[in-house]
Amino acid sequence: MTTNSPASHAARIIDGKALSESVRGSLRTRIAAAGRRVRLDALLVGDDRAAGIYAMNQAKTCEEVGIEYVLHRLPAGASYDDVAGRVLLLNAEDDVRALMVHLPLPAGVDTERVQSLISPEKDVEGVNPANIGNVVYGRRSLVPCTALASLEMIESTGIELRGKRCVVVGASNIVGKPIAVLLMRADATVHSTNKFTPDLPALARECDVLVAACGVPRLVKADWIKPGAVVIDVGINRIDGPEGKKITVGDVDFDAVRGVAGWISPVPGGVGPMTVAMLLRNVVDAALR
Ligand code: NAD
């Protein structure tokens, strides 16, 4: 059968794991060729278990590509002034070229205020609003890692974004909006949508690229998809699976959408691992700048 009906067609998979491996390989080469030490400094405040595990994994991931990892800690009782003071100290140190602050911060410490203190040229997560501004203006800057990951994955398909219609489902400051801006910078025509957008499925069906970043499990269905479109699933949702076990699913109904799309990124194994690779790339960019 050669028809492209949903039953017989299956989109090609955009393999985030494989892409991230290739990024890591090129980072190892860049670090070795630069002959300079590359280091990530991270600040962890308090004793949140998940943040602690994340930091430990991050240390391992950095080591694998030849990045030193220095974890600075403050106790759970730290005030805004304590956290802000430490960020400003780290900003001032010449040896600190790549800096991030682990979340969550303790209750009462304003996360956005802290993030806006990180020097824009050291802000490897791209969370300082100054860096979002730089993205809008197309200036050299550190771009939020999930947005970078989404763009890299779209580009890996070989699609020419100029002149294409794209829809971004979700418009948060750190995910949806930066993705929309990156697509605009590539000269695509971009629809930034949110939970108030009327008749989103009909709008989405007109688009060559769909990026789902709304945090609603399997929201995007097969009838939202233009045949052959590129579909990037940013969502990470933990839901009840078979036999009472928790499973991780994206914002796209993968099995159904795969029958219509041309390309699709899976969850897990898609944007997640690429986001980690983009953070490492930002670290190397910041350190070697
Ligand atoms: P958020 O809650 O801050 O923002 C959600 C956005 O989606 C809002 O703009 C909201 O209006 C929109 N939205 C909600 N319901 C909608 C609907 N029914 N139709 C259309 N739009 C709708 O979430 P976030 O922080 O941007 O995260 C979005 C998803 O991305 C989550 O699943 C999160 O876990 C995931 N995420 C993944 C990575 C990664 O590395 N892969 C990183 C960050 C976030």
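## Lys245 and the β9–β10 loop

Lys245 is in contact with Ile239 and Asp240, once its neighbours within four places in sequence are set aside. Contact here means heavy atoms within 4.5 Å. This is a predicted model, in which local features need pLDDT of at least 70 and side-chain atom pairs count only at pLDDT 80 or more, while totals for chains, interfaces and linings use all residues. Residues are numbered from 1 along each chain as its sequence is written, and side-chain values use heavy atoms, with hydrogens and water left out.

Lys245 is found in the loop between β9 and β10. Helices (H or I, at least four residues) and strands (E, at least two) are DSSP runs, numbered from the N terminus. Lys245 counts as exposed because its relative accessibility is 53%. The cut-offs are under 20% relative accessible area for buried and over 50% for exposed, with partly exposed in between (1.4 Å probe, protein chains only). Glu243 lies in the loop between β9 (237-240) and β10 (246-249). Its relative accessibility is 73%, so Glu243 counts as exposed. The phi of Glu243 is positive, near 55°, in a residue other than glycine.

## The β7–β8 loop

Arg218 lies in the loop between β7 and β8 (230-233). Arg218 is not a glycine, yet its phi is positive, about 55°. Arg218 counts as partly exposed because its relative accessibility is 35%.

Pro227 is also found in the loop between β7 and β8. With a relative accessible area of 65%, Pro227 is exposed. Its C-alpha atom is separated by 9.6 Å from that of Ala11, and the two residues are 216 residues apart along the chain.

## Helix α7

Helix α7 spans residues 176-185. Is this helix mostly covered or mostly open? It is mostly covered, with seven of its ten residues buried. The buried residues are Gly176, Pro178, Ile179, Ala180, Val181, Leu182 and Leu183.

The buried residues of α7 pack against two helices, α5 (129-137) and α6 (145-155). They also pack against the strands β5 (165-169), β6 (189-193) and β7 (209-212). Asp187 follows α7 and has a positive phi, near 70°.

## Around the ligand

Around the ligand there are 22 residues. A residue is near a molecule or strand if one of its heavy atoms lies within 4 Å of it. Which residues come nearest to the ligand? They are Ala171, Ser172, Asn194, Val234 and Ile236.

Polar contacts are pairs of N or O atoms within 3.5 Å; within protein, one must be able to donate a hydrogen and the other to accept it, and residues adjacent in sequence count only if both atoms are side-chain atoms. Val234 has a polar backbone atom 3.3 Å from a nitrogen atom of the ligand. A backbone N or O atom of Ile236 lies 3.1 Å from a ligand oxygen atom. Thr275 uses its side chain: an N or O atom there is 3.1 Å from an oxygen atom of the ligand.

Thr146 touches Val234 and Thr275, along with Val175 and Val271, not counting residues up to four places away in sequence. Thr146 sits in helix α6. It is buried, with a relative accessible area of 18%.

## Cis prolines

Two cis peptide bonds follow, each ending at a proline. One joins Leu103 and Pro104, with omega about 5°. Pro104 is in the loop between β4 (99-101) and α4 (111-115).

The other runs from Val267 to Pro268, and its omega is near -5°. Pro268 lies in the loop between β11 (263-264) and α10 (271-288).

## Rings and charges

How many aromatic pairs does the structure hold? It holds zero. Rings of Phe, Tyr and Trp (its six-membered ring) would pair with centres within 6.5 Å; planes under 30 degrees apart count as stacked, over 60 as edge-to-face and the rest as tilted.

Two tyrosine rings have an arginine over them. Arg113 lies over the face of Tyr80, at 3.9 Å from the ring centre. The charged end of Arg139 sits over the ring of Tyr137, 4.9 Å from its centre. The test is NZ of Lys or CZ of Arg within 6 Å of the ring centre and within 35 degrees of the ring normal.

## Domains

The domain assignment of the chain gives domain 1 (35-119) and domain 2 (143-271). Such bounds come from an automatic or database domain assignment. Taken over C-alpha atoms, the centres of domain 1 and domain 2 are separated by 30 Å.
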